[in-house]
Amino acid sequence: MAESRGRVWTGVIRVGPHRGDHRVAVRAVLSVGVPLLALLLIGRLDLSVYASFGAFAALYGRTDGPRARVRMQATAGAILVASMLVGTAVSFLAFPALVSVAVVAALAATVTLFAYRAQWHPPGALFAVFAAGATASFPATATTFATVLIVGGVSVLWSLLVTTVFVLVRRGSWARPRRPRPPIGPVAWEMTATVGTAALLAGVAGVLLVGTHWYWAMVGAVAAVGGAHVTARLIRGVQRLTGTLLGVLIAAGLLALQLPPWLVIVVAVALQAGAELFVGRNYGIAMLFITPLALLMVSLASPVAPAMLLRDRVVETVIGVAVGTVVATVSAVLRRRSPHG
């Protein structure tokens with residue numbers, strides 16, 4: 001038991017080596033920053049959430065060859081836009097909160113299975129759950145669907161253009177061997193069931209205990225069960241919780257400054273760069289950047305009382321990580337008892 005705890009805490013504080021993360025950070029800055037500046041210039045920062053989630057396509061395939069990277073980003077971008085459309089439909093149809101949670105949990109399970117088969121990097125359904133949950137929480141009309149398609153789609157295309165230009169400038173070879181895709185077997189189904197269950201239970205708990213921003217609990221749970229084995233899942237859960245708690249303090253200071261919109265964009269882009277410099281090296285450190293980034297983007301698109309925003313982020317994350325950790329532990333026990341364990 002002591003040895004197991006030691007592995008967890010060693011994993012929590014370990015910082016991986018630098019592997020060209022600065023190039024990913026620059027791509028992310030351009031992919032996210034340019035669409036936000038364009039929305040600022042036309043006075044439509046209320047659409048910034050759609051642009052940001054579309055631009056997140058640039059974060060995929062950082063360890064793949066150019067051709068595979070572009071293909072993965074295009075696929076991920078399409079799924080992110082589809083996730084926003086699902087969230088928009090949930091909002092437009094005025095589903096009860098618990099029904100909305102069930103829809104997003106089903107999406108989480110589906111995308112997890114797809115991401116496993118396609119060997120996504122970063123793996124899993126975290127961004128899709130975030131995109132669907134966030135858009136489900138914003139008011140939507142019939143015209144919102146077209147807005148999501150246009151703003152989100154253009155952001156995806158822009159991120160693909162940025163990636164392509166970087167490849168051409170660096171004169172990288174497009175012809176690299178593709179990684180073999182694993183078959184859909186017991187491991188894939190276990191991951192799918194674990195993510196879907198954790199997301200559903202965390203979302204239900206978030207609705208019943210807090211009521212607002214329930215999707216943050218779902219994102220926290222999906223992050224906590226995202227590892228391939230229970231030790232990795234515990235490490236990710238602890239990192240997300242501690243990083244979020246410290247990141248909320250940073251966000252509180254930034255929100256208290258009441259920065260003008262253009263400066264919020266500058267800070268958000270800088271935070272995005274910081275997140276990409278560390279997300280592959282230590283998830284906890286990355287959360288110091290991701291947490292204030294998420295809170296700034298939510299406040300930019302739909303201003304709410306900072307105190308409620310900060311409270312919900314902390315409470316919902318605690319709920320999500322707690323539920324995810326329990327589900328991950330139960331899943332590990334069931335896996336050991338399974339003949340495929």
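**Reading burial, charge and backbone in a helical model**

Modeller: D312 is buried, with a relative accessible area of 0%, and please keep in mind from the start that the model is predicted.

Colleague: With which residue does the side chain of D312 meet in a salt bridge?

Modeller: The partner is R311, and the pair comes to 2.5 Å from N to O. R311 is partly exposed, at a relative accessible area of 43%, whereas D312 is buried.

Colleague: How many salt bridges does the count come to?

Modeller: The count comes to two, and the other pair joins the side chains of D46 and R44 at 2.8 Å, N to O. Here D46 is partly exposed with a relative accessible area of 38%, and R44 is likewise partly exposed, its value being 36%.

Colleague: Let us step back to the fold; how many helices and strands does the protein chain have?

Modeller: There are 13 helices and zero strands, and of the 341 residues in the protein chain, 52% count as buried. When contacts are restricted to residues at least 6 apart in sequence, 82% of them join residues at least 24 apart. The accessible surface amounts to about 15,100 Å², with 71% of this belonging to carbon and sulfur atoms.

Colleague: How many residues of helix α6 are buried?

Modeller: Burial is read against a cut-off, under 20% relative accessible area, and in α6, which spans residues 126–136, 11 of the 11 residues are buried. Among them are L126, F127, V129 and F130, together with G133 and T135.

Colleague: And how should S331 be read, as buried or exposed?

Modeller: S331 counts as buried, because its relative accessibility is 8% and the cut-off lies at 20%. This residue sits in helix α13, residues 306–337, and, leaving aside residues up to four places away in sequence, S331 touches E190, T194 and R233.

Colleague: Turning to the backbone, what is the general idea for phi and for the peptide bond?

Modeller: Most residues other than glycine have a negative phi, and most peptide bonds are trans, which means that departures from either pattern deserve a look. One such case is the peptide bond from H121 to P122, which is cis, with omega near 0°; P122 belongs to the loop between α5 (97–118) and α6.

Colleague: Where do A94 and H213 lie?

Modeller: A94 is in the loop between α4 and α5, and its phi is positive, about 55°, although it is not a glycine. H213 is in the loop between α8 (186–209) and α9 (215–224), with a positive phi near 50°. In accessibility, A94 counts as exposed at 60%, whereas H213 is buried with a relative accessible area of 12%.

Colleague: Which residues form the nonpolar patch on the surface?

Modeller: F92, L93, F95 and V99 form that patch, and together they have about 340 Å² of accessible area. L93, one of these residues, is placed in the loop between α4 and α5, where A94 also lies.

Colleague: Finally, which residues gather in the patch of positive charge?

Modeller: R67, R71, R117 and R181 gather there, on the surface. R71 belongs to helix α4, residues 66–92, and is partly exposed, with a relative accessible area of 34%; membership of a patch requires over 30%, a cut-off that R71 therefore meets.

Technical notes. Residues numbered from 1 in each chain as written. Predicted model: local features only at pLDDT ≥ 70, side-chain atom pairs only at ≥ 80, totals over all residues. Heavy atoms only, no water. Patch = residues over 30% accessible without salt bridge, like charges linked within 9 Å, V, L, I, M, F, W, Y side chains within 5 Å. Areas by Shrake-Rupley, 256 points an atom, 1.4 Å probe, with all protein chains shown as cover. Salt bridge = Lys/Arg side-chain N within 4 Å of Asp/Glu carboxyl O. Lys, Arg positive; Asp, Glu negative; His and termini not counted. Charge placed at Lys NZ, Arg CZ, Asp CG, Glu CD. Helix = DSSP H or I, 4+ residues; strand = E, 2+ residues; numbered from the N terminus. Buried < 20%, exposed > 50% of the residue type's maximum accessible area, 1.4 Å probe, protein only. Contact = heavy atoms within 4.5 Å.
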